[in-house]
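Please take a moment to look over the structure shown here before reading the short report that follows, which covers two places in the backbone and then the surroundings of the ligand.

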Amino acid sequence: MQKLIIDTDPGQDDAVAILLALASPEFDLLGITTVAGNVPLNLTTVNARKICDLAGRTDCLVFAGQDRPMARPLVTAEHVHGRTGLDGTDIPPPQTPLQDTSAVAFLIDSIRENPAGAVTIATLGPLTNLGLALKKAPEIASQIGQVVMMGGGFFEGGNITVAAEFNIFVDPEAADIIFRSGVPIVMMPLDVTHKVLTHKKRINSFAALGNETGRQVANMLSFSERFDENKYGTDGGPLHDPCTIAWLLEPELFSGRHCSVVVETSSELTLGMTVIDWWQVSGRPHNANVMRDVDDDGFFKLLTDRLSTLP
Ligand code: BDR
Ligand code: CA
């Protein structure tokens, strides 16, 4: 089993990623760490716990993380996710307990306690928790198996500014630490996640599963896709964060290439941009495996099949 930590700011698409992981026996989910992002930390933490409840997994360990980026005020995305971050759902207040340990301490301890290379971290939100963990304990960089990150964009541009994707824009300093750390990174930028669209037919398939998970997922995605449907004029919105978990389960659904990725941390115009050397012109060393294409039908088949196994 793959030892996994999910670092997240739920968010409807984060919620679907967590559900996909909880529905997959391939993973030994060590814990879920929360961060401020789509909505403030108190809400992302409640939401993560609600998702564990929904999956019937009140035994999951949830750790609250940083309530603001490393060096900047928090930027949130209620315009996409609604006031609660999980608008569209009606999951009761959570039963899954919150652990006492902080997310950063949990990240450092679990990486130290496990054999080198054993732990994969899926990051679905701003990278504050992991950035801080690497700042406090830089030696863990060589112990982390890999980081599978939803973040960044290049050919598609940005989604929160012209140049920047939300997760990187919110905490560019933290992202910069990770891209410079030497940790193996698999990156799911907007260039690939914008090809994974929640078409009406796909939402209907979740609803048709007949379980509570399918109902909640159909309702939450119907809410969160509205913003992007209006913005991009598409049938459905991009389902960003589950791409990370799907890659861990079926990497052959995706294709990309190893590149140099550098994060812009100073320009007012392009703050948080991920400068991806797709055409290999810079000569800079490769630090990320950057995905660009996906078998979207295969992705939705995997997701729907797995969600059918949950309560
Ligand atoms: C990312 O930002 C958030 O709004 C989503 O949850 C996803 O992680 C997409 O840019
Ligand atoms: Ca997210």
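## Backbone details and the ligand site

In this predicted model, the loop that runs between strand 9 (274-276) and strand 10 (288-294) contains Q280. Although Q280 is not a glycine, its phi is positive, at about 60 degrees. Q280 counts as partly exposed because its relative accessibility is 36%, a value that falls between the limits of 20% for buried and 50% for exposed.

A second backbone detail concerns G11, which lies in the loop between strand 1 (2-8) and helix 1. The peptide bond that leads from P10 to G11 is cis, and its omega is near -5 degrees.

Turning to the ligand, which residues surround ligand 1? They are D13, D14, N38, H81, L124, M150, N159, E165, F166, N167, H240 and D241, and by class this shell holds 3 nonpolar, 5 polar and 4 charged residues. The table lists distances from an oxygen atom of ligand 1 to polar atoms of the protein.

| Residue | Part of the residue | Distance to an oxygen atom of ligand 1 |
|---|---|---|
| L124 | polar backbone atom | 2.9 Å |
| N159 | polar side-chain atom | 2.8 Å |
| N167 | N or O atom in the side chain | 3.0 Å |

Taken alone, ligand 1 exposes 280 Å², of which the protein buries 96%. Ligand 1 sits in the largest cavity, and the elements that give two or more residues to the shell around ligand 1 are helix 1 (12-22) and helix 6 (166-170).

Definitions and conventions
Residues are numbered from 1 along each chain as its sequence is written. Chains are lettered from A and ligands numbered from 1 in the order in which they are written. This is a predicted model: local features need pLDDT of at least 70, side-chain atom pairs count only at pLDDT 80 or more; totals for chains, interfaces and linings use all residues. Side-chain values use heavy atoms; hydrogens and water are left out. A residue is near a molecule or strand if one of its heavy atoms lies within 4 Å of it. A polar contact is a pair of N or O atoms within 3.5 Å; within protein, one must be able to donate a hydrogen and the other to accept it, and residues adjacent in sequence count only if both atoms are side-chain atoms. Accessible areas come from the Shrake-Rupley method with a 1.4 Å probe; for residues, only the protein chains shown count as cover. On a 1 Å grid over the protein atoms alone, a cavity is a set of points where a 1.4 Å probe fits but cannot get out, and a pocket is an open set with protein on both sides within 12 Å along at least five of seven lines; lining residues have an atom within 4 Å of a point. A molecule sits in a cavity or pocket if more than half of its atoms lie within 2 Å of its grid points. Helices (H or I, at least four residues) and strands (E, at least two) are DSSP runs, numbered from the N terminus. Ala, Val, Leu, Ile, Met, Phe, Trp, Tyr, Cys and Pro count as nonpolar, Asp, Glu, Lys and Arg as charged, and the others, Gly among them, as polar. Buried means under 20% relative accessible area, exposed over 50%, partly exposed in between (1.4 Å probe, protein chains only).
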